[in-house]
Amino acid sequence: MQDIANTWIFCIHTGSSNPVSWRCRGYCISFSSWIGMENEFPDEVLKSVFPLLDGKDLVFCMLVCRQWREIAKDDYFWKCICSRKWPSICKQPPSDTNYQKLYLTFSQPQITQNLPVPRLTFGDLVFYIDMWLEGSLIFSQAISGCTLRAGLQCAPRGIPDILAAHLKSLDCILMLEVEPKLSIPMGPTINVSVLAHRKDSNKMACIINKSTFDYIDSNAARALAYEYLRFSPGHPFISDIRAWMSLLFLYKGNNIIEVFGIELDFCDAARSETEILWLLDMLDWK
């Protein structure tokens, strides 16, 4: 019977003027001539076919003419559709269930909505970044959010293709050129801390607290450290989102790397500028 319905709907969609016929389960069903839209189908025909349709086709049928729309409004046909899509809800439906509304509400693909303009801007932010090599301070700067957002002005020659492609991506990249460059031996422990200050409320938040660069991505020539973000109690269901700090370097030989840049990112949850600003706004500012 589903084959019959599919063939019938196909003829309606294509507007074919040829005689309609199809075969199902050994029976041949046919119309000797096309019944135009100006000549209504018998209600009994429509009521026999509509229960066999899926929701998308029944929606199309409601657009054909007034007769089809009035018949397709019968919630029985939508119950047939819902019983195939969500069988359990028809066994014990909520009171006053409208199956048409149920289908139209929950069967549509979710539409991605754009985030509203964030309350926070990079101009409101200052980042305090400190790094230690085996306990000795090797880098300490207060960096404005706008400077970090501007990124590297000129990448050095010889960086890996993976890193070069990343620098050209459409993601919001928070990156700073390290000048003078840092020559660091491979092996000793390097720790990093990042605090942030927001000027609009004069509050501070901890982004990274003495995390260790314990992973080196040799293909991209970067060392990585991370920390799980601490969010405001006003957002109790947000968790397991990390802040990543990367050291961007070139190999100089003799087990020495030369750090030319640092990057802060939140790729677990935020890549665009708007997403990052909303994420930062939800931190536990104190």
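Which residue forms a salt bridge with Glu 263, and how far apart are the closest N and O atoms?

1. The partner of Glu 263 in this predicted model is Arg 222, with the closest N and O atoms 2.7 Å apart. The pair connects distant parts of the chain, 41 residues apart: Glu 263 belongs to strand β11 (residues 256–265), and Arg 222 to strand β9 (residues 222–228). As to their surroundings, both Glu 263 and Arg 222 are buried.

2. A total of 11 salt bridges is found in the structure. One of them joins Glu 273 to Arg 149, with 2.9 Å between the closest N and O atoms. Here too distant parts of the chain are linked, since Glu 273 is in helix α10 (residues 273–281) and Arg 149 is in helix α8 (residues 145–150), 124 residues apart. Glu 273 has a relative accessible area of 36%, so it is classed as partly exposed. Arg 149 is likewise partly exposed, at 28% relative accessibility.

3. Asp 268 and Arg 242 form a further salt bridge through their side chains, at 2.8 Å from N to O. Asp 268 lies in the loop between β11 and α10, whereas Arg 242 lies in strand β10 (residues 242–253), and the two are 26 residues apart. The relative accessible area of Asp 268 is 34%, which makes this residue partly exposed; Arg 242 is also partly exposed, at 22%. Arg 242 is, in addition, one of the residues in contact with Phe 266.

4. A network of salt bridges should also be noted: its members are Arg 119, Arg 198, Asp 200 and Asp 281.

5. The largest nonpolar core comprises 47 residues, and Phe 127, Ile 207, Leu 264 and Phe 266 have the most contacts inside it. Beyond its neighbours within four places in sequence, Phe 266 is in contact with Leu 174, Ile 207, Leu 229, Arg 242, Ala 243, Ile 276, Leu 279 and Leu 280. A separate core of 19 residues lies apart from the largest one, and includes Leu 46, Trp 68, Cys 90 and Tyr 99.

6. Tyr 99 also appears among the buried residues of helix α7 (residues 99–106), together with Gln 100, Leu 102 and Tyr 103. Viewed down the axis of α7, the buried residues occupy an arc of 165° and therefore line one face of the helix. Their cover includes α3 (55–61), α5 (75–85) and α6 (87–91). At the start of α7, Asn 98 places a side-chain oxygen within 3.1 Å of the backbone nitrogen of Gln 100.

7. Strands β3 (residues 125–133) and β4 (residues 136–144) run antiparallel and are joined by eight bridges. In one of these pairings, Asp 130 has Ser 140 in β4 as its bridge partner. The two strands form a hairpin with two residues between them, and Glu 134 in the turn has a positive phi of about 50°.

8. The loop between β10 and β11 contains Asn 255. This residue is partly exposed, at 48% relative accessibility. Not counting residues up to four places away in sequence, Asn 255 touches Ile 184, Pro 185 and Met 186. The C-alpha atoms of Asn 255 and Gly 187 are 8.5 Å apart in space, while the two residues are separated by 68 residues in sequence.

Note on methods
Residues numbered from 1 in each chain as written. Predicted model: local features only at pLDDT ≥ 70, side-chain atom pairs only at ≥ 80, totals over all residues. Heavy atoms only, no water. Pairing = 2+ DSSP bridges. Helix = DSSP H or I, 4+ residues; strand = E, 2+ residues; numbered from the N terminus. Core = buried A, V, L, I, M, F, W, Y, C linked by side-chain atoms within 4.5 Å. Buried < 20%, exposed > 50% of the residue type's maximum accessible area, 1.4 Å probe, protein only. Contact = heavy atoms within 4.5 Å. Arc of directions from axis to C-beta. Polar contact = N/O pair within 3.5 Å; in protein donor to acceptor, adjacent residues only side chain to side chain. Salt bridge = Lys/Arg side-chain N within 4 Å of Asp/Glu carboxyl O.
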